[in-house]
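Reader: I have a chain in front of me and would like to learn how to read its features one at a time. Could you take me through them slowly?

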Amino acid sequence: MSLKEAFTPEEWARVVGAPMLASIAVTAADPGGLWGAVKESVAVAGAIGKAAGGNALVDEIVAAYQTSEGRDLARSALKAEARGKAPAAIVDSAVTELGAVSALVAAKAPEAAPGFKAWLNEIAAKVAEAGSEGGFLGFGGEKVSAAEKATLERIATTLA
C-alpha cells in the first residue's frame, strides 16, 4: 500500500502542495523582484527534483510532481494560500497550512513525518539561499535577508 492511500484526495492535495507552500512563504517574506523570483522558483524545482530516496512519502510526492495531475494539485494549493493576499498574509497563511499538513502527516504516516518535515525545511532553506536580497539586478545584497531568516525560523518551529 502506498502512503498516498492513507490520505483522502483532498488531504493528498495538501500534502503534495506543501513543498510549494514552503517555497512561497520564503519568497513572500522578502520579495526580491522578478530575477529573485525566478532564482527561487528554480531552487524549489531543483530541491523537489533532487530529493534523496529513503522516505517513502517524499518519494511519492516527487513522483506526483512528475505528472501533470500532481503539478496541478501543487498549483491549486499555492493559489489557495496566495491568491489576493499581501505578502505578509501569504507568509502567515502558508506557515499555518504547513503546520496543519505536518500534523496531518504525523497522524496518517508517522514513520514518514520526520523526513517529510526535514525535506520541507530543506526546500525553504534552498529557496532563501537562491537569490540575493537588496542588490541591483541580482548583484550585491545579502544572501538570506532578515525577513527570510525569520520565516525559516517560523517554518522550523511550526514543523517541529
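Author: What follows goes from the whole chain to its helices, and then to single residues. This is a predicted model, in which local features need pLDDT of at least 70 and side-chain atom pairs count only at pLDDT 80 or more, while totals for chains, interfaces and linings use all residues. Residues are numbered from 1 along each chain as its sequence is written, and side-chain values use heavy atoms, with hydrogens and water left out.

Reader: How many helices and strands does the chain have?

Author: Helices (H or I, at least four residues) and strands (E, at least two) are DSSP runs, numbered from the N terminus. The chain here has seven helices and zero strands, and from the N terminus on its elements read α-α-α-α-α-α-α.

Reader: What share of the chain is buried?

Author: Buried means under 20% relative accessible area, exposed means over 50%, and partly exposed lies in between, with a 1.4 Å probe and protein chains only. Of the 160 residues in the chain, 43% are buried. As for contact, which means heavy atoms within 4.5 Å, 77% of the contacts between residues at least 6 apart in sequence join residues at least 24 apart.

Reader: How should I read the span of helix 6?

Author: The expected span of a helix is 1.5 Å times one less than its number of residues. Helix 6 has 18 residues and should therefore span 26 Å, which agrees with the 26 Å between its end C-alpha atoms. An α-helix has 3.6 residues a turn, so residues three or four places apart point the same way. The buried residues of helix 6 include Phe116, Trp119, Leu120, Ile123, Ala124, Val127 and Ala128.

Reader: At what angle do the axes of helix 1 and helix 6 cross?

Author: Axes are lines fitted to C-alpha atoms, for helices over the stretch in contact, and angles run from 0 to 180 degrees between N-to-C directions. The axes of helix 1 and helix 6 (residues 113-130) cross at roughly 35° and come within 8 Å. A crossing is left-handed if the near helix is turned anticlockwise from the far one by less than a right angle, and right-handed if clockwise; helix 1 passes helix 6 in a right-handed crossing. Among the residues making this contact are Val15, Ala18 and Ala22 of helix 1, and Phe116, Trp119 and Leu120 of helix 6. Ala, Val, Leu, Ile, Met, Phe, Trp, Tyr, Cys and Pro count as nonpolar, Asp, Glu, Lys and Arg as charged, and the others, Gly among them, as polar. By class, the contact of helix 1 with helix 6 has twelve nonpolar, two polar and no charged residues.

Reader: Which way does helix 1 pass helix 5, left-handed or right-handed?

Author: Helix 1 passes helix 5 in a left-handed crossing, and their axes come within 8 Å and cross at roughly 145°. The contact of helix 1 with helix 5 has 18 nonpolar, no polar and four charged residues.

Reader: Why does serine 93 count as buried, and alanine 29 as partly exposed?

Author: Serine 93 counts as buried because its relative accessibility is 15%, whereas alanine 29 is partly exposed because its relative accessible area is 21%. Serine 93 is found in helix 5 (residues 87-108), and alanine 29 lies in helix 1 (residues 9-29). Leaving aside neighbours within four places in sequence, alanine 29 is in contact with Val91, Ala147, Glu148 and Thr151.
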